[in-house]
Amino acid sequence: MNDNELDELIRTTAPVTDAQLASVNLDEPLAALADGIVEGAHRSANRRARLRRPVISVAASVAVLAGVFAVQTNGGGGPAYAAEVVAVAESAPRMLVGADGWRLTRADEFTTDMGEVTFERGAQRFDLHWMPAASASPDKLADESDINERVDVLGHDAVIYRYAETDDYTAWWTAGDDAVNARGVFKSLDAFKAILASLRGVSVNEWLDAMPASVITPSNRADVVDQMLIGVTVPPGFDVERLRAGTTVKDRYQLGAAVSAALACGWIENWIAATGAGDVEAAKAAVKAMHGSHDWPVLNEMNAEGAYPEVLWELADAMAAEQNGTRPNISTEMKNARVRDVYRDSLGCGQ
Amino acid sequence: MARTNRTDAEQRFRALYSAHGRAVLGFAVRRVAQPADAADVVAEAFTVAWRRLADVPAEPETRPWLFGVARRVVANQRRGELRRVGLHEKLRVSLGAIQASSPDPADALALTQPIAEAMARLPETDREVLRLAAWEELNASEIAMVLDVPAATVRTRLHRARTRLRSVLDEQSAATRT
C-alpha cells in the first residue's frame, strides 16, 4: 500500500468530511461570524490595546531540509569522535537532564546551527531544541500563554510559558547566539521547573557519550561504502574514491545518505544535462536508474530509520512524471515543485 | 485605530477569512466532540487572527498558521467565554445539522473500523501527523507549522507513523486470516 492509498484509508476515519460540510448552507452563518468578530473587535480595540503583550520577535520559521543528515565538516576535534561531530557538539548548547531516570533517547536532527534532542523517562518526554537566536519566535506562545514566569537555567534568564489550560510547558532562553526551547508535558509548573533546574552543562565528550549508539558509530568507511554500492546503478562520472576516501566518520544512516545522495545527485544532474541537450535516450536512462532506487538495498535499509529514502524516491517519481509530462502521484510538497529546483536542498547534494 | 488602517485591516481579515474560513472549520469539526462545537473553535481562532493580523504570515503559510491556532484552541478548551458573547450562534445551529446529514453511522463504522482500530493503536503524535496529512492534505512543511516543530521532524514522524500503521494493519490482516 503506497502513501496515497494509506492516506485514502485514513481519510475514511474522518468523523466529518468536507463533503458533509459542503452539504450544509454555512455561507450566512460564516459571514455573520466574520461581522461579529470585526465589529466586536472595533468596540473593544482600546481596551485590548492596553492589554496586549509586547511581541518578543517575529521570524521566519526555521528551515530544516533533508540535508540535516549531512553534518557539516568544520574540522577540529578530539581523538574519540569524528571531527564533524565534534564541530557540531562544540557549537551546541550541551546540556543533559540530571534528574534521576532520564536518558537521552533521540538526537537525529542536528547541525552546527540547530538541533533537537529528546530525553525520556518511562512515558514522559522532554525536548530541547536550539537554533540561531534570530530564528526564534516565542511571540506566538507569549501571546497565548496563561503563565509567564522567569527562572534561571544554567545562568540564563528563561521564560516559562504554558499553552493555556493545558499541561504543555515551554521555556525559552538565549545562550550566546543560540535560542533554546525546552518543552514537555508535566503535571505541574513545579515539575517542569524541577527538570529545568536539573539541567547541567557538560563537556563535548560527556555530551557525545550520552548520545544513543546510532548517532556516532565509527566504521570502516571504504568497506561500508563498497557494501552500500551493491545493487545500485552508478551514474556516469560517479566518483567512488571521493566517497571512500572521506576523512570524516558518520553513523551508518548518515553515510548511507551521503552515498545515496552522491548516486541520486549524479543521476539527476545527468538527467538535467541530457534534457537540456535534447538527448532523450540519456534522459530516459537517468529516469530509469532513479526509478530503480526503490530497490537499492542501501535505501531500503535506511528506510526503517528515517525519511531520507522517502525524499529520494519522491524525487525519482517526480522525475519520471516530468519526463512523461504528467503530475507525480505523490502527496508532499514535491508534487508542485520542479525536480531541478529542489533536488540539491532535498538530497544535500555537494555536502 | 485610524479609519484607513481599520479598513485595510478589515479587508485583509475578510480576505483571509474568505480564503480559509471553511478550511479552519473543516479542521475544527474533525477535532471536537460535537460538530456544533467547531463554531467555538472557528470563532476563537479567527478572533486571534484578527487580534494578531500583523503576525499572520503571507500565503502559503496562512492556512497552516490558522490551523496551528485552531489546534491550540481545541486543546485549550477555552471556548465558553465566546459562546456567552454569542458571536457564532448561527454557525453553531447550522453545524448542528451535520449529524443528521451524515451517512448511516453503522455503515460508516463498518467501513472504517479496521483502519480506525489501527489508528487507535498508534501514539497520539503519530495519529495527528497522519490526520493532518490525510484529512487536511497538508505537506510536511505545513504540518510543521501547525505543530510548531521543524519540518525535518515531521518528515521523520510521518514516515515512522505510516510504517507503524502499515505494520498494525498487516498484523490485523494476519490475525483475521488465522
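At 40% relative accessibility, A:Leu154 counts as partly exposed, and this residue of the predicted model is a useful place to enter the structure, since A:Leu154 has a positive phi of about 50 degrees without being a glycine. Its place is the loop that runs between strand S5 (145-153) and strand S6 (156-163) of chain A. Most residues other than glycine have a negative phi, and most peptide bonds are trans. Chain B offers a second case of the backbone angle, for B:Glu137, again not a glycine, has a positive phi of about 55 degrees. B:Glu137 is found in the loop between helix H7 (124-134) and helix H8 (140-147) of chain B, and with a relative accessibility of 57% it counts as exposed. The peptide bond has its own exception in chain B, where B:Glu59 and B:Pro60 are joined in cis, with omega at about 5 degrees; B:Pro60 belongs to the loop between helix H2 (37-51) and helix H3 (62-76).

From these loops one can step back to the two chains as wholes. Chain A contains 15 helices and nine strands, and 50% of its 351 residues count as buried. Chain B has nine helices and zero strands, and of its 178 residues 54% are buried. Among the contacts in chain A with a separation of 6 or more, residues 24 or more positions apart account for 57%, while in chain B 70% of the contacts between residues at least 6 apart in sequence join residues at least 24 apart.

The buried interior comes next. In soluble globular proteins, nonpolar side chains tend to be buried together. Here the largest nonpolar core has 70 residues, and those with the most contacts inside it come from both chains, namely A:Ile10, B:Phe13, B:Phe46, B:Leu95, B:Ile143 and B:Leu165. B:Leu165 shows how the chains meet in this core: leaving out residues up to four places away in sequence, it touches A:Leu6 and A:Ile10 of chain A, together with B:Ile115, B:Ala118, B:Met119, B:Leu122 and B:Leu130 of chain B. A second core, separate from this one, has 41 residues and includes A:Leu229, A:Tyr253, A:Trp296 and A:Cys349.

A:Cys349 leads on to a covalent link, for a disulfide joins it to A:Cys265, with the sulfur atoms 1.9 Å apart, and the structure holds one disulfide over all chains. The torsion about this S-S bond of A:Cys265 and A:Cys349 is about -85 degrees, so the disulfide is left-handed. Because A:Cys265 lies in helix H11 of chain A and A:Cys349 in the segment after helix H15 (339-347), the pair ties together parts that are 84 residues apart in sequence. Both A:Cys265 and A:Cys349 are buried.

Helix H11 (residues 252-277) of chain A also carries A:Ser260, a residue that is buried, with a relative accessible area of 0%. A polar atom of the A:Ser260 side chain lies 2.6 Å from the backbone oxygen of A:Gly256. Beyond its neighbours up to four places away in sequence, A:Ser260 touches A:Trp296, A:Val298, A:Leu299, A:Met302, A:Tyr308 and A:Leu312, and among these A:Trp296 is a member of the second core already described.

Aromatic rings make up a further set of contacts, with 13 aromatic pairs counted over all chains. In one of them, the rings of A:Phe186 and A:Phe192 have their centres 5.6 Å apart and their planes at 55 degrees, so the pair is tilted. A:Phe186 counts as buried at 4% relative accessibility, and A:Phe192 is likewise buried, at 0%. Ring pairs link these two residues with A:Trp102, A:Phe119, A:Phe126 and A:Tyr169 into a cluster.

Two arginines of chain B close the tour. The charged end of B:Arg31 sits over the ring of B:Phe27, 4.0 Å from its centre. B:Arg157, for its part, lies in helix H9 (residues 151-177), and, leaving aside neighbours within four places in sequence, B:Arg157 is in contact with A:Arg125 of chain A and with B:Asp126, B:Val129, B:Leu147 and B:Val149 of chain B. B:Arg157 and B:Leu130 are 27 residues apart in sequence and 9.1 Å apart in space, C-alpha to C-alpha.

Note on methods
Residues numbered from 1 in each chain as written. Chains lettered and ligands numbered in written order. Predicted model: local features only at pLDDT ≥ 70, side-chain atom pairs only at ≥ 80, totals over all residues. Heavy atoms only, no water. Phe/Tyr/Trp six-rings, centres within 6.5 Å; stacked < 30°, edge-to-face > 60°. Buried < 20%, exposed > 50% of the residue type's maximum accessible area, 1.4 Å probe, protein only. Lys NZ or Arg CZ within 6 Å of the ring centre and 35° of its normal. Core = buried A, V, L, I, M, F, W, Y, C linked by side-chain atoms within 4.5 Å. Contact = heavy atoms within 4.5 Å. Helix = DSSP H or I, 4+ residues; strand = E, 2+ residues; numbered from the N terminus. Polar contact = N/O pair within 3.5 Å; in protein donor to acceptor, adjacent residues only side chain to side chain. Disulfide = S-S within 2.5 Å.
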